[in-house]
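User: I am new to reading protein structures and would like to know the reasons behind the labels. Could you walk me through some?

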Amino acid sequence: MVEDYSTTKSALMEESKKKIKVTKIKESRIGAVDFNNLAFGKMYADHMLVADFDGKEWVNAEILPYGNISVSPSNAAWHYGQAIFEGIKAYKDQEGNPMIFRPVDNFKRFNVSAERMGMVSVPEWLFMGGLAQLIDMDRDWIPTGEGCSLYLRPFMIASDEYIGVRPSEHYKFMIINSPAGPYFNKPIKLLVQDKYVRAFPGGVGYAKAAGNYGGTMYPTELAKKAGYDQVLWVDGFEYKSLQECGTMNLFVIIGNKAITPDLSQGTILAGVTRASVMELLKDMGLTVEERPISIDEVIAAYKDGTLREVFGTGTAASVAYVEQLDYKDVSIKLDTTKYAVGSEIIKQMDAIRTGKVADTRGWNFRV
């Protein structure tokens, strides 16, 4: 059922506008941007949102010109890792109006991450209302080129000036925006990691915590030096059960089944793009299975000819084709030019996010 925002959205925006101060930039920097040659994550829009939790409530909420902030050397986030974030994208519909793709899901997941990291929750008026106000102000920064979007990065860090191991009492919440091109502009090669581990059951693998990514940097760099684009993480017990790859969830198409690792172990992110793709796959007539899947099953399907496609999904990467998957002495090579499922998913996702087709699921949050 499509959610009706006609009342709740207007009330949300009214509260947000009352509580968030707005200071506009004197002169936009947009004239210096080459929108035909956008890299990912290197350029930032005119404004950002900043707010502080003072130990009791959220205060000092303001949208202001993008710029540096002052942080104490004793800031607890530097020392103890209380830092979480989200990745969201905004597009323009066929009339040029801004639309944010499924931000309500990101808002909910943000607070799930906050709870797991012992941090305070962020209210809807600040996250959702602030996001909408910010995008409205920076709407001209939304690119319309193929594979491009305005990438939105809400994040929160501890802000206690205290050297001591305990949850912070104060926090800073921010949102910055980045006009971005494709994260991957070609099919990728994955190394199935059989030494290092990203997450264990009971850990923080399901949270979008900064430390989850920090811990993957070294093995990922080793993989890149060996000629791979990303690491495909597996369990740390047998090093066989697939989890997620780098910045993406994983889908394996075997026969008429689309298989994606399940969330029951708490070791992978509940991706918003993942959830969207699962619905579209069902509409396409595929059987979608959320379950444990081992690298052995993938290798067996490759050898018997039933392995059709492997791709990753994520907000930054959208849908990324996997052309090679290596595990120990086995190399799986796939012809991505024949990816009928992946190409249809990309086509449908693009059409929904840019208003080319009706949004029957209520995924787009119109600004």
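**Reasons behind the labels**

Analyst: Happy to! Keep in mind that this is a predicted model. Let us begin with one residue: Glu86 touches Asn106, Arg109, Phe110, Tyr151, Leu152, Arg153, Pro154 and Lys208, leaving aside residues up to four places away in sequence. Its place is in the loop between β4 (83-85) and β5 (88-92).

User: Why is Glu86 called buried?

Analyst: Glu86 has a relative accessible area of 0%. Buried means under 20%, so Glu86 is buried.

User: What makes Gly203 partly exposed?

Analyst: Gly203 has 22% relative accessibility. Partly exposed is the range between under 20% for buried and over 50% for exposed, so Gly203 counts as partly exposed. You will find Gly203 in the loop between β9 (188-192) and α5 (210-214). The C-alpha atoms of Gly203 and Gln265 are separated by 9.4 Å, and the two residues are 62 apart along the chain.

User: Arg102 and Lys328 both sit in loops. How do you know whether each is buried or exposed?

Analyst: Take Arg102 to begin with, in the loop between β6 (98-101) and α3 (103-116). Its relative accessibility is 10%; the limit for buried is under 20%, so Arg102 counts as buried. Lys328 is in the loop between β16 (318-327) and β17 (330-333). Its relative accessibility is 59%; exposed means over 50%, so Lys328 counts as exposed. As for backbone angles, Arg102 has a positive phi of about 50° although it is not a glycine, and Lys328 has a positive phi of about 55°, again without being a glycine.

User: Why are Glu290 and Arg274 called a salt bridge?

Analyst: Their closest N and O atoms are 2.6 Å apart. A salt bridge needs the side-chain nitrogen within 4 Å of a carboxyl oxygen, so Glu290 and Arg274 form one. The pair links distant parts of the chain, with Glu290 in strand β14 (residues 287-290) and Arg274 in helix α7 (residues 272-283), 16 residues apart. Glu290 is partly exposed at 41% relative accessibility, whereas Arg274 is buried at 4%.

User: What makes Lys186 and Asp229 a salt bridge, and which parts does the pair tie together?

Analyst: The closest N and O atoms of Lys186 and Asp229 are 3.5 Å apart, and the cut-off is within 4 Å, so the label fits. Lys186 lies in the loop between β8 and β9, and Asp229 in the loop between α6 (217-225) and β10 (230-234), so the pair ties together parts that are 43 residues apart in sequence. Across the whole structure, a search finds 19 salt bridges. There is also a network of salt bridges that links Lys257, Glu289, Arg291 and Glu297.

User: How do you know that a charge sits over the ring of Tyr162?

Analyst: The charged end of Arg166 is 4.1 Å from the centre of that ring. The distance limit is within 6 Å, and the charge must also be within 35 degrees of the ring normal. Arg166 is listed as sitting over the ring of Tyr162. Arg353 lies over the face of Phe101, at 5.9 Å from the ring centre.

User: Which rings form a cluster?

Analyst: Ring pairs link Phe53, Trp58, Phe107, Phe110, Phe127 and Phe173 into a cluster. The count of aromatic pairs comes to 16. You met Phe110 earlier, as one of the residues that Glu86 touches.

Technical notes. Residues are numbered from 1 along each chain as its sequence is written. This is a predicted model: local features need pLDDT of at least 70, side-chain atom pairs count only at pLDDT 80 or more; totals for chains, interfaces and linings use all residues. Side-chain values use heavy atoms; hydrogens and water are left out. Helices (H or I, at least four residues) and strands (E, at least two) are DSSP runs, numbered from the N terminus. Buried means under 20% relative accessible area, exposed over 50%, partly exposed in between (1.4 Å probe, protein chains only). Contact means heavy atoms within 4.5 Å. Rings of Phe, Tyr and Trp (its six-membered ring) pair if their centres lie within 6.5 Å; planes under 30 degrees apart count as stacked, over 60 as edge-to-face and the rest as tilted.
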